[in-house]
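Trainee: I have a model to go through. Can we take it contact by contact?

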2 protein chains.
Amino acid sequence: MATIRDVSRIAGVSVATVSRTLSKPDKVSEKTRQIVQEAIEKTNYKPDILARNFRTRKSSTVVVLVPDIANPFFSRVIRGIEQSAQKMGYAVLLGDTQGLRDREITYANMVKTSQADGIIQLDCHIPFEDKNDRSAPIVNACDCVRGTDMPTVQLDNIAAAEKMANHLISLGHKNIGVISGPENSTITNDRLRGLKKALENAGLEYSPSNRMYGDYSIHSGAMAAVELLEKENPPSAIFCMNDEMAIGAIRQTKKMGLNVPGDISISGFDDINFAEFCDPPLTTISQPAEEFGTNAMTMLFELMNGTEPENKNIYLPFELVIRNSTGRARNDP
Amino acid sequence: MATIRDVSRIAGVSVATVSRTLSKPDKVSEKTRQIVQEAIEKTNYKPDILARNFRTRKSSTVVVLVPDIANPFFSRVIRGIEQSAQKMGYAVLLGDTQGLRDREITYANMVKTSQADGIIQLDCHIPFEDKNDRSAPIVNACDCVRGTDMPTVQLDNIAAAEKMANHLISLGHKNIGVISGPENSTITNDRLRGLKKALENAGLEYSPSNRMYGDYSIHSGAMAAVELLEKENPPSAIFCMNDEMAIGAIRQTKKMGLNVPGDISISGFDDINFAEFCDPPLTTISQPAEEFGTNAMTMLFELMNGTEPENKNIYLPFELVIRNSTGRARNDP
DNA sequence: GATAAAAATGTAATCAATTACATTTTAATT
DNA sequence: AATTAAAATGTAATTGATTACATTTTTATC
């Protein structure tokens, strides 16, 4: 592989001139530029980015911490990140963390070791050994930690859940079950708060025994549905905190001989690609997945360049998408 | 950030000794090791990987070229890659190429610029300007180019498609439609060959007019299904080359008032997570997605270390998964 | 304790680019 | 043509680790 020295020798100029031709061509005379360009082509020179990064102390790389890359929502977010990053000249390092703190820290440390310039964290954890560590540019998207000064890109999950709950309530549902995400997730807590708020406003009671925990997988949704449906006084509607669990719940419900939404309404969250195509099509909250990624990357870009983003907490819009998995409560007039 | 010099100063040893303590501790006496470790802790020293990579001329990074990260099959493959890479001490750079040659080349060039040590290509293109370029370690997985010496990890798509076709034929289907992938994909061509082979063996005719093209999206499957079902002599079964298109086709078929599989059987390919949960559950070919990733990464690792893998073309097993989207042909006794 | 061999440690070059600063060339002005 | 300012180019230091080679220390053997 040819180096900048080879090019400079062949062009008969100094390495500085070659370097400038590449990075600040306006500082080089037209004539010299031409000569250098020719030498570059002749030698098929490609600047060694590793050397450049080393010298300039930046890697032009961001690392993305994602709990599960195979989750269809996250994979869309990542697509958004990648697209923006590419435009801004950044490469994207993938850190599939499985939600494990160890792995998060390992990947986040890449900033300290100069392997990455910034971090996008899609889970609600601070990925540093020392929670007050401010040394690395970081943006928290999707599931965001509360009460830190990390910039965030998020949904107003309380409002979104409230909207969904109101939809169920308006259909006459009074006994609503919940298939929630893991206990310590901000997203989960906010969605629960939204649900409670709607119930309260409607003069209905929230019963903690109506809440089952899942891990966002289809399987866990099915398991949780069994628990809910075998209760003495089963709910007439199930509010699921993501689409996969809703899909699992629907399938389980049908398996148990019940009709959706005839006997029981089931709602999801996220509006993944398949939500529209399950049977019945899923009523859900749609979120602009890619935009979580593009916004997070844009904000991180500012952070990495030392400019403070004017809006440190971006809220993206959501939409209630009513399909056929929800309907009037059975005994509602 | 502390450097190796800071550590050496505090420990009262040379930088070489610090370096050795980290990389070849058995070359350093127990006593010195201890002193150095203390200094490392006191200074909270983390070796600058960028500097190390620069000096050693390797980045410990591989770049993955994927046509679409949001595709559920690919995202599982990538999960497999990430898991293996992590174990081997490699980071994974994400190159979402949208199947565009330009982007593939840009990302593949990262090896030339020392940003990556190797490439995993999940599409059936050679990602180099010069097709005969051998300078970068590369493994081709999933959709593989024919007639190159790139190592591959693939499915015997001919056999798999044949198996699926035989299943349809055994159900009495004689007029089988195809919703295929893009024309120039090896996967698509092989699956078509398998289908033809099965038809031939059964004494049935393959009619090119029964083949519609999709782009692996749900939507394109639905569009193609319309074309097939509105034919004068519509097929009684549709062989789809992936699950998403099958899901689109099922939905469209139902929309048109037909029953699946009562009126028409529909089969998929890949066995994505949702295949089991659509309605009716999809008959499909299951593939070990993660293993494409782990195998590719293992092979690439060998390549990057200069050892020739003993088996340069790995074939992974598949399985025909019969669910309810396929059934007996209508007029079959 | 002398000698040799082995182990431990140190010195300084090296990797390929960027860039501060110095020098030379060109252009502008009188 | 002399002078000055601006533009272009060159020189060499710099980045932080690794490592070949040199030197010192330790251990083993007689």
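Mentor: What follows covers the DNA surface and then the cores of this predicted model.

Trainee: Which residues come nearest to DNA strand C?

Mentor: There are 27 residues around DNA strand C. Both chains supply the nearest ones: Ile4(A), Ser19(A), Arg55(A), Thr32(B) and Arg55(B).

Trainee: What share of the strand's atoms within 4 Å of the protein is sugar and phosphate?

Mentor: Take the atoms of DNA strand C that come within 4 Å of the protein. Sugar and phosphate make up 59%.

Trainee: How far is the side chain of Ser19(A) from a phosphate oxygen of DNA strand C?

Mentor: Start with two other phosphate contacts. Ser29(B) uses a backbone N or O atom, at 3.0 Å. Arg52(A) uses a side-chain N or O atom, at 2.7 Å. For an N or O atom in the side chain of Ser19(A), the distance is 2.5 Å.

Trainee: Which elements give two or more residues to the surface near DNA strand C?

Mentor: Look at both chains. Chain A gives α2 (15-23) and α4 (49-56). Chain B gives α2 (15-23) and α4 (49-56).

Trainee: How many residues of that surface are charged?

Mentor: Split the surface near DNA strand C by class. Ten residues are nonpolar and eight are polar. The charged ones number nine.

Trainee: Now the interior. Which residues have the most contacts inside the largest nonpolar core?

Mentor: That core has 144 residues. Another core, of 34 residues, lies apart from it, with Tyr107(A) and Phe128(B) among its members. In the largest core, the residues with the most contacts are Leu122(A), Phe239(A), Leu122(B) and Phe239(B).

Note on methods: Residues numbered from 1 in each chain as written. Chains lettered and ligands numbered in written order. Predicted model: local features only at pLDDT ≥ 70, side-chain atom pairs only at ≥ 80, totals over all residues. Heavy atoms only, no water. Near = heavy atom within 4 Å. Polar contact = N/O pair within 3.5 Å; in protein donor to acceptor, adjacent residues only side chain to side chain. Helix = DSSP H or I, 4+ residues; strand = E, 2+ residues; numbered from the N terminus. Nonpolar A, V, L, I, M, F, W, Y, C, P; charged D, E, K, R; others polar. Core = buried A, V, L, I, M, F, W, Y, C linked by side-chain atoms within 4.5 Å. Buried < 20%, exposed > 50% of the residue type's maximum accessible area, 1.4 Å probe, protein only.
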